[in-house]
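Please set out how the strands, the first helix and one pocket of this model are arranged, with the criteria behind each term.

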Amino acid sequence: MANEHALLAVDGVNVNFGGLKALSDVHCRVNPGEVVGLIGPNGAGKTTLFNVLSGIVKPDSGVLTLNGVERDWLAPDELVSHRISRTLQGVGLFGDLTVLENVMIGAEVDAKAGLLRSILGASKKSEDELRQRAHIALENSYCADIANRRADSLPYPITKRVAIARALVSNPQLLLLDEPAGGLGSQDIDWMKSLIRNIRGRTSVLIVEHHMDVVMNVCDRIYVLNFGQLIAEGTPVEVRENPAVIAAYLGNQGASA
């Protein structure tokens, strides 16, 4: 597999939890400008692979390549130095701060210590630059008009967009999205699809998602896991028509997704 041009690639990933083999010889890559989907039924290993890529789980074996260079597996606090950002299923906004302040913190939080590195002692110039970056991230996430609202006043679907803005403010080359459409109604899912299309020109995206209409509409390529093994990969059309995928996951959705 040609990984020299990939932003991120993993090969031969194996993860065991006690006697359970969560991932078995899995590979995945994300190229510049791509939106890549990761799907599968419950327990397929999607979250485990996402956690491997996020530095939360260290695999028992496997190879990680970033921008064509083989690397040691990253810890969560090392992601930002490689221009990788992530969102998790839990939105985790600070309710007593404004939307803008939450996004500004996204650029300044030390992921390991969980503390602000410099925002309190920032110079006026650096604070203004950070504020401008936060406003741009909010515009790209369709949240510019709520910058001054308190986070705890927002409906849940809007907090999902703010969480993405917070991940974008560090100007990542790769954004890892964990079920961005989870808990959303149909109208908000349409918003989310539009948002992902909007940011694809600024960052590559790896998305773990249960909503098939999201994955099929926004992804260039899709990986399908089942029981910790990769059973299919390809374009949305290829995956939708793959008999193994239909049998394991899509069922009748394969003909209509």
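Val224 in strand 11 has Ala232 in strand 12 as its bridge partner, and the two strands, which run antiparallel, are joined by 5 bridges. Strands and helices here are DSSP runs, E over at least two residues for strands and H or I over at least four for helices, numbered from the N terminus, and two strands pair if DSSP finds at least two bridges between them. Strand 11 and strand 12 form a hairpin with 2 residues between them, and Phe227 in the turn has a positive phi of about 50°.

The model is a predicted one, in which local features need pLDDT of at least 70 and side-chain atom pairs count only at pLDDT 80 or more, whereas totals for chains, interfaces and linings use all residues. Residues are numbered from 1 along each chain as its sequence is written, and side-chain values use heavy atoms, with hydrogens and water left out.

The hairpin strands belong to an open sheet of 6 strands with mixed pairing, in the order 6-9-10-3-11-12. Because strand 6 (84-87) and strand 12 (229-234) stand at the edges with a single partner strand each, one side of each is left without a neighbour in the sheet. From one strand to the next the twist averages 15°; axes are lines fitted to C-alpha atoms, for helices over the stretch in contact, and angles run from 0 to 180 degrees between N-to-C directions. Within this sheet, strand 3 (residues 35-39) pairs in the parallel sense with strand 10 (residues 204-208) over 4 bridges, and Leu38 has Val208 as its bridge partner in strand 10.

An open sheet of 4 strands, with antiparallel pairing, has the order 2-1-4-5. Its edge strands are strand 2 (20-30) and strand 5 (69-71), each of which pairs on one side only, and neighbouring strands are turned by 25° against each other on average, direction ignored. Val10 stands opposite Leu64 in strand 4.

The table collects three of the strand pairs.

| Strand pair | Sense | Bridges |
|---|---|---|
| Strand 1 and strand 4 | antiparallel | 5 bridges |
| Strand 3 and strand 10 | parallel | 4 bridges |
| Strand 11 and strand 12 | antiparallel | 5 bridges |

Helix 1 (residues 46-54) lies across strand 3, strand 6, strand 9 (174-178), strand 10 and strand 11 (221-226), and runs at about 145° to strand 9. Helix 1 is mostly covered, with 8 of its 9 residues buried, where buried means under 20% relative accessible area, exposed over 50% and partly exposed in between, with a 1.4 Å probe and protein chains only. Among these buried residues are Lys46, Leu49, Phe50 and Leu53. After helix 1 comes Gly55, whose phi is positive, near 85°.

The second largest pocket has a volume of about 180 Å³. A pocket, on a 1 Å grid over the protein atoms alone, is an open set of points where a 1.4 Å probe fits, with protein on both sides within 12 Å along at least five of seven lines, and lining residues have an atom within 4 Å of a point. Helix 3 (residues 124-140) gives the largest share of this pocket's lining, 4 residues. The lining includes Arg133, Asn140, Leu168, Pro172 and Thr203, and its residues divide into 5 nonpolar, 3 polar and 2 charged.

Overall, the chain has 9 helices and 12 strands, and 51% of its 257 residues count as buried.

Terms used:
Grid points are joined across faces, edges and corners, and a volume is the space filled by probe spheres set on the points. Ala, Val, Leu, Ile, Met, Phe, Trp, Tyr, Cys and Pro count as nonpolar, Asp, Glu, Lys and Arg as charged, and the others, Gly among them, as polar. Contact means heavy atoms within 4.5 Å.
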